[in-house]
Amino acid sequence: MQNLQNLYGFDRTQLENLFVEQGLQAFRGRQLMKWVYHQEQTDFAAMTDLPLRMREWLADNCHFAVPEVERQLVSADGTIKWLLRVANGDLIEMVLIPEKGRNTLCVSSQIGCVLDCSFCSTGKQGFNGNLAPADIVGQMILANQALRARGESVTNVVLMGMGEPLLNFDAVVAATNVMKDDHAFGLSKRRVTVSTAGVVPGIDKLREVSDVALAISLHAPTDALRNELVPINRKYSIEQLLRACRDYVEDLGPARKLVIEYTLMRGVNDQPEHAGQLAELLQSLRCKINLIPFNPFPGSGYERPLDADIEHFQTILIQQGFTTMLRTTRGEDIDAACGQLVGQVQDRTRRQSRYRAQLETAQPVVVR
Ligand code: SAH
């Protein structure tokens, strides 16, 4: 059977081009989007305002498909985690966080992750490739289907699930375009957030083509410490990262800010001196700070910080004039919290076996 193109992965420009290539006008692409996203009609035969010949061509060459739901877990706090099977058989996770007046969907962008941040369990799973753009949009479709029963829909999307979005650049840009498009989900650019561990060329490229909100997983105020926690820092230093951030936020305009994410780990990066260094570092960046207490997982070697230390850390930043939020942990009982998303990845980096070997040889787990 020939390979059908999954049109959930096409943004407006790509759909318009598809029609133009078939000798039709570009507006036909927008007509198709309205059928799919506003009428939720994915049967080409029913799209009666498209020329019959084109409907037939679409049915022969294209389809709409979403990942398969393997399992759905509901937390006591209302957070829902889905285990989804994508086309190559791997399992990925997505998380829906319902709050008063908003539904935030945390979507995955890759199958596992290559970055191997020392405190993240997704990293420990290894990596087996990029998600297709349709797999990213498909997560949104599935979450909206689940919310429809309550008369609700996804209001905010964060690319904070498995993977590094800026290492799956084209797919992430296409998928976020669909999320923002009035012919599709119509979310405001402020409500679609790409989160990165610091892929500097990716940030620069994103600035050229998109206006989504940007979050930076910083986690350390010095290169020495960040090199250990977020290994990509060895390639792109904090200074290079902050340069890219300033350029990005400059382009967004004066009313918008970057989000700096900082996972607090006990005795590692949660001391007053770190807060002071962080405040100094971020002085000239238009940003707000999200503090995330570390979510433990077996064998991580890190611990959640003491409440008193979290509070002290936050107070220092607030005193220095930073809007500083403490991210409450959600969905802990179903392992849906930040850094706990693992899915089931056919690791091609052999990291999983190295990691297991390390656990088995019972090397003392280092807590710095
Ligand atoms: N690769 C992107 C997207 C992943 S976002 C990025 O790094 O931004 C996932 C967020 O959860 C990141 O900020 C990550 O650093 C954080 N995180 C990872 N493991 C965690 C853990 N065990 N506890 C708390 N936060 C964690």
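## From a buried glutamine to a ten-stranded sheet

At 18% relative accessibility, Q31 counts as buried, because buried means under 20% relative accessible area. The model is predicted. Q31 sits in helix α2. Which residues does Q31 touch beyond its neighbours within four places in sequence? They are D49 and L50. With D49 there is also a polar contact: the two side chains meet at 3.3 Å.

**The helices at the start of the chain**

Take helix α1 next. L15, E16, L18 and F19 are its buried residues. Viewed down the axis of α1, these buried residues fall within an arc of 155 degrees, so they line one face of the helix. What covers them? The cover includes β1, α2 and α3. Just after α1 comes G23, with a positive phi of about 85 degrees.

Helix α3 spans residues 52-61. Its buried residues are M54, R55, L58 and N61. Why do they share a side of α3? Their arc around the axis is only 145 degrees, which puts them on the same side of the helix. The face of α3 turned away from this buried side carries L52 and R53, which are exposed. The buried residues of α3 pack against four elements: β1 (5-6), α1 (12-21), α2 (27-38) and β2 (62-63). So α2, the helix that holds Q31, is among the packing partners of α3.

**The sheet**

Now for the strands. Ten of them form an open sheet with mixed pairing. Their order is β3-β4-β5-β6-β9-β10-β11-β12-β13-β14. Which strands lie at the edges? They are β3 (68-74) and β14 (324-326), and each pairs on one side only. From one strand to the next, the twist averages 20 degrees.

The table lists four strand pairs from this sheet.

| Strand pair | Direction | Bridges | One pair of opposite residues |
|---|---|---|---|
| β4 and β5 | antiparallel | six bridges | W82 and M94 |
| β5 and β6 | antiparallel | five bridges | I97 and T104 |
| β12 and β13 | parallel | seven bridges | Y262 and L291 |
| β13 and β14 | parallel | three bridges | N290 and M325 |

**Hairpins around β5**

Strand β5 covers residues 91-99. Is β5 largely enclosed or open? Eight of its nine residues are buried, so the rest of the structure largely encloses the strand. β5 takes part in two hairpins. One is made with β4 (residues 80-85), and five residues lie between the two strands. In that turn, G89 has a positive phi of about 100 degrees. The other hairpin joins β5 to β6, with two residues between the strands. Here G101 takes a positive phi near 75 degrees. Strand β6 itself covers residues 102-106.

**Crossovers at the β14 end**

Strand β13 spans residues 287-293. How many of its seven residues are buried? Six are, and the strand is mostly covered. On one side, β13 pairs in parallel with β12 through seven bridges. Y262 stands opposite L291 in β13. The chain links these two strands through helix α10 (residues 272-282), and the β12, α10 and β13 unit is a right-handed β-α-β unit. From β13 the chain then crosses through α11 to β14, and this β-α-β crossover is right-handed.

β13 also runs parallel to β14, joined by three bridges. N290 stands opposite M325 in β14, and I289 stands opposite T324.

**Helices lying across the strands**

Helix α11 covers residues 307-319. Which strands does α11 lie across? They are β12 (258-264), β13 and β14. α11 runs at about 160 degrees to β14. Helix α6 (residues 169-180) lies across another part of the sheet: β9 (156-159) and β10 (192-196). Its angle to β10 is about 160 degrees.

Methods. Residues numbered from 1 in each chain as written. Predicted model: local features only at pLDDT ≥ 70, side-chain atom pairs only at ≥ 80, totals over all residues. Heavy atoms only, no water. Buried < 20%, exposed > 50% of the residue type's maximum accessible area, 1.4 Å probe, protein only. Arc of directions from axis to C-beta. Contact = heavy atoms within 4.5 Å. Polar contact = N/O pair within 3.5 Å; in protein donor to acceptor, adjacent residues only side chain to side chain. Pairing = 2+ DSSP bridges. Axes fitted to C-alpha atoms, helices over the stretch in contact; angles between N-to-C directions. Right-handed = clockwise from strand over helix to strand, strands pointing away.
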